[in-house]
Amino acid sequence: MKTMLITALMALSVSVNTVFAADKPVEDKPAAAPSTDVSTPPDKAAESGEPAKVEIREVAKFFDETFNDMQDEIETAKADGKQGLLVMFEMDECPFCHRMKTTVLNRSDIQDYYKENFRIVTVDIEGDVELTNFKGETTTQKDFALKEFRVRATPVFQFIGLDGEPVKNGRLTGATKDADEFMLFGKYVVDKKNEDVPFSKFKREQTSDAKS
């Protein structure tokens with residue numbers, strides 16, 4: 001009798017646990033976070049005919065590492081198959097330099113195009129760092145900027161040819177209106193349009209062509 005009672009109680013316990021387990025709601029798994037990647041891969045963009053999305057990168061990737069030897073920079077540009085050198089003259093506390101770095105020079109389309117065609121270095125117009133100029137002479141960053149390139153306002157973007165000489169019409173002073181204008185400046189030099197007309201006239205012609 002005792003054995004039968006124990007057996008009945010055990011069976012009752014199993015039945016109750018089974019009912020509670022069946023009634024317990026299934027715990028929801030947390031939903032996967034939505035993807036924040038809205039960029040279109042270049043190959044997919046080409047297939048769909050849509051332009052690839054612009055990626056925002058570290059602005060440091062726009063510039064090449066330099067040891068402030070301009071003759072060496074030219075030789076490296078030649079070895080890398082570049083068209084020349086782009087020097088950005090800047091200084092601390094320059095709001096227009098900051099604007100260019102945070103709205104233009106950090107864009108993937110700008111970085112890719114310019115670095116494909118030019119070696120790019122920056123020079124502090126107030127810097128006392130020793131620098132070797134294009135003639136192989138030792139100077140400082142500030143003397144190089146002021147005495148050799150007459151830079152008094154920043155930023156200044158100066159293209160230098162593979163011969164170490166400033167490119168004709170290849171100087172831009174101040175921040176551009178937007179990334180499109182800076183891209184246009186690069187293409188203006190790459191396509192050799194600088195040899196025929198000043199950049200200001202080239203811009204007007206491009207604007208007129210776009211409207212017509």
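Helix 7 passes helix 8 in a right-handed crossing, and I should like to open with that pair. Please bear in mind throughout that this is a predicted model.

Two packed helices are described by the angle between their axes and the distance between the axes. For helix 7, residues 179–190, and helix 8, residues 199–211, the axes cross at roughly 110° and come within 11 Å. Helix 7 is therefore roughly perpendicular to helix 8, because angles of 65 to 115 degrees fall in that class. On the helix 7 side, the contact is made by E181, L184, F185 and Y188. Helix 8 contributes F199, F202, K203 and Q206. By class, this contact of helix 7 with helix 8 has 5 nonpolar, 1 polar and 2 charged residues.

Let me stay for a moment with one residue of this contact. Which residues does L184 touch, leaving aside those up to four places away in sequence? They are F199, F202, K203 and Q206. L184 itself is found in helix 7. Its C-alpha atom is separated by 7.9 Å from that of K203, and the two residues are 19 apart along the chain.

I turn now to the other partner of helix 7 that I wish to show. Helix 5, residues 108–117, packs with helix 7 at an angle of about 15°, and the axes are 10 Å apart. Helix 5 and helix 7 are therefore roughly parallel to each other, since the angle lies under 35 degrees. Their crossing is left-handed, whereas that of helix 7 with helix 8 is right-handed.

Which residues in helix 5 meet helix 7? They are D109, I110, Y113, Y114 and N117. In helix 7 they meet A179, F182, M183, F185, G186, K187 and V190. The contact of helix 5 with helix 7 divides into 8 nonpolar, 2 polar and 2 charged residues. F185 appears in this contact and also in the contact with helix 8.

Next, two points of backbone geometry. A cis peptide bond joins T154 and P155, with omega at about 0°. P155 lies in the loop between helix 6, residues 141–149, and strand 5, residues 156–161. The second point concerns N68, which has a positive phi of about 60° although it is not a glycine. N68 is found in the loop between helix 2, residues 42–48, and helix 3, residues 70–79.

Finally, the empty space. Rolling a probe the size of a water molecule over the atoms shows where such space is left. How much space lies in the largest pocket? The value is about 200 Å³. Its lining consists of N133, F134, K135, E148, F149, I160, D163, G164, E165 and P166. Those lining residues divide into 4 nonpolar, 2 polar and 4 charged.

Key
Residues numbered from 1 in each chain as written. Predicted model: local features only at pLDDT ≥ 70, side-chain atom pairs only at ≥ 80, totals over all residues. Heavy atoms only, no water. 1 Å grid on protein atoms, 1.4 Å probe; cavity = no way out; pocket = protein on both sides within 12 Å on 5 of 7 lines; lining within 4 Å. Points joined across faces, edges and corners; volume = space filled by probe spheres on them. Nonpolar A, V, L, I, M, F, W, Y, C, P; charged D, E, K, R; others polar. Axes fitted to C-alpha atoms, helices over the stretch in contact; angles between N-to-C directions. Helix = DSSP H or I, 4+ residues; strand = E, 2+ residues; numbered from the N terminus. Parallel < 35°, antiparallel > 145°, perpendicular 65-115°, else oblique. Left-handed = near helix turned anticlockwise from the far one by under 90°. Contact = heavy atoms within 4.5 Å.
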